[in-house]
Amino acid sequence: MYDLIILGGGPAGYNAAENAAHGGMKTLVIEERALGGVCLNEGCIPTKTLLYSAKIYDYAKHGTDYGVSFGSAAIDHEFVVNRKDKVVKTLVGGIGAKMKHAGVDVVMEKATITGKDAEGFKVQAGDKEYTGKQLLICTGSDAAVPPIPGLREAVASGFAMTNREILDMKKVPGKLVVIGGGVIGLEMASYFNSIGVDVTVIEMLDHIAGPTDSEISKILLKNYQKKGVKFLLSAKVTSVGTDCVNYEKDGKAESAPADVVLVSIGRRARTAGIGLENIGVLTERGAIVTTDEGRTNVPGVWAAGDVNGRSMLAHTAYREGEVCINNMLGKKDKVRYNSIPSVIYTNPEVASVGETSETIKEKGLEATAQSFTLKYSGRYVAENEGGDGIVKIIIDKEHKKVLGVHMIGSYASEIIYGAAMMVEKEMRVDDVKKFVFPHPTVCEVIREGIFQL
Ligand code: NAI
């Protein structure tokens, strides 16, 4: 008998498990694939490992811009993939050790909720049944594979891949066609473009990077067009063949030849086959409906991470898991979804938090958005020949509160948490003016911008 059974050992699940155990709850995690979930095994960490190798290679290729010659630089893709496996193995081992250290039981099986009786919720895993007073569902998400003619066959034959398969692909394709110009599509396009692959991105919207502020998304597009990535915007994929992707653009039927196709058009919550119907957990468009405290409609059943379809980011998952446990332990807590930062690990990096120029219009907010070149930063100029990065700061007109910060340029991923604190704490421009930013850094541009607002 457990106080808490957690279904899924990804960022939401393993972090929540540790917190629950520290809070005195007897906790069981059931995971069917590998601890660490998508983030550690086939998402955030593997991608960042590949992108770091690409970054070093790019430095070497462009060293002469800074007076440095490396001879003829080369990248060994197979080595990069093998190194990625090593990094993943180390980190997954680390999660296992963490669970052990916290006293969390881990069962490696597929879990199915079978019902509830006076003792608690019943969960079947392999040939054993477990009982938990409470349940936390953290089963994550899968890559969406929509019913585009030929796509499912292409995935089955290995011609089309999702993030899972492409991260293990050891051969270097001549031509890669990416369907979907969102986060995964852009990060993988960035890697394969860096290592010399001919990359075409087909995106149905008229812009890349989804909800990213449009000014930032345009700069990112320009950067990658300059690097040679071909973007087909406002293009509708009509079918996938055995050596091409067919699409329609401006009313014309066209075809993009491919050696490999990446499907990155979003993710779907993993709610099928886990027995939610046996206890009546409510879902909407396939995702579990949760409150900001992580509660589902069934008392004692909670959900965190991609499975609730709300933000689908590993760091949101951590926080959601934490919030669920705090509430279970009687400490009132909730997730503030408007101050969650997001990052696209392209080169240049993109990082955002809060309202964008588009959302202030949609919501009718009385706010102003102003952009500042990163060239205000001496360090940025020193390190970025021809760099065109910016930071955009959005404040409300009445109180001059920071509502959003968006950045494209070096270190953006590491800088954004400071901006997220400003948004989360509803800081005003005058509050931020009192902060001392270290010099010389790229983050100083936020200070520079704040003084001009
Ligand atoms: P996404 O939602 O970011 O982008 C999907 C893109 O595909 C959108 O631009 C959409 O307009 C386009 N699209 C949809 N159907 C299409 C079609 N039939 N033809 C052409 N384009 C089509 O989804 P993505 O990139 O698959 O990423 C999935 C999730 O993983 C996201 O929620 C993201 O937050 C998360 N993720 C986060 C990362 C990070 O934080 N750095 C890295 C990778 C993934």
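Trainee: How far is a polar side-chain atom of E203 from an oxygen atom of the ligand?

Mentor: This is a predicted model, and E203 is listed among the closest residues to the ligand. A polar contact needs a pair of N or O atoms within 3.5 Å. The side chain of E203 meets that cut-off, with a polar atom and a ligand oxygen separated by 2.6 Å.

Trainee: Which residue has a polar backbone atom 2.8 Å from a nitrogen atom of the ligand?

Mentor: The backbone of G266 is not the one, since its N or O atom lies 2.9 Å from an oxygen atom of the ligand. The contact to a ligand nitrogen, at 2.8 Å, is made by the backbone of V343.

Trainee: How much of the ligand's exposed area does the protein bury?

Mentor: Taken alone, the ligand exposes 850 Å². Of that area, the protein buries 80%.

Trainee: Which helix gives the largest share of the shell around the ligand?

Mentor: The ligand is surrounded by 21 residues. By class, 13 of the shell residues are nonpolar, 5 polar and 3 charged. The largest share, 4 residues, comes from residues 183–194, which form helix 7.

Trainee: How many disulfides does the structure hold?

Mentor: A disulfide requires two cysteine sulfur atoms within 2.5 Å. For C138, the nearest cysteine sulfur belongs to C324 and is 7.0 Å away, so C138 is in no disulfide. The number of disulfides in the structure is 0.

Trainee: Is C138 buried or exposed?

Mentor: Buried means under 20% relative accessible area. C443, at 16%, falls in that class. C138 has 7% relative accessibility, and therefore it counts as buried.

Definitions and conventions. Residues are numbered from 1 along each chain as its sequence is written. This is a predicted model: local features need pLDDT of at least 70, side-chain atom pairs count only at pLDDT 80 or more; totals for chains, interfaces and linings use all residues. Side-chain values use heavy atoms; hydrogens and water are left out. Buried means under 20% relative accessible area, exposed over 50%, partly exposed in between (1.4 Å probe, protein chains only). A residue is near a molecule or strand if one of its heavy atoms lies within 4 Å of it. A polar contact is a pair of N or O atoms within 3.5 Å; within protein, one must be able to donate a hydrogen and the other to accept it, and residues adjacent in sequence count only if both atoms are side-chain atoms. Accessible areas come from the Shrake-Rupley method with a 1.4 Å probe; for residues, only the protein chains shown count as cover. Helices (H or I, at least four residues) and strands (E, at least two) are DSSP runs, numbered from the N terminus. Ala, Val, Leu, Ile, Met, Phe, Trp, Tyr, Cys and Pro count as nonpolar, Asp, Glu, Lys and Arg as charged, and the others, Gly among them, as polar.
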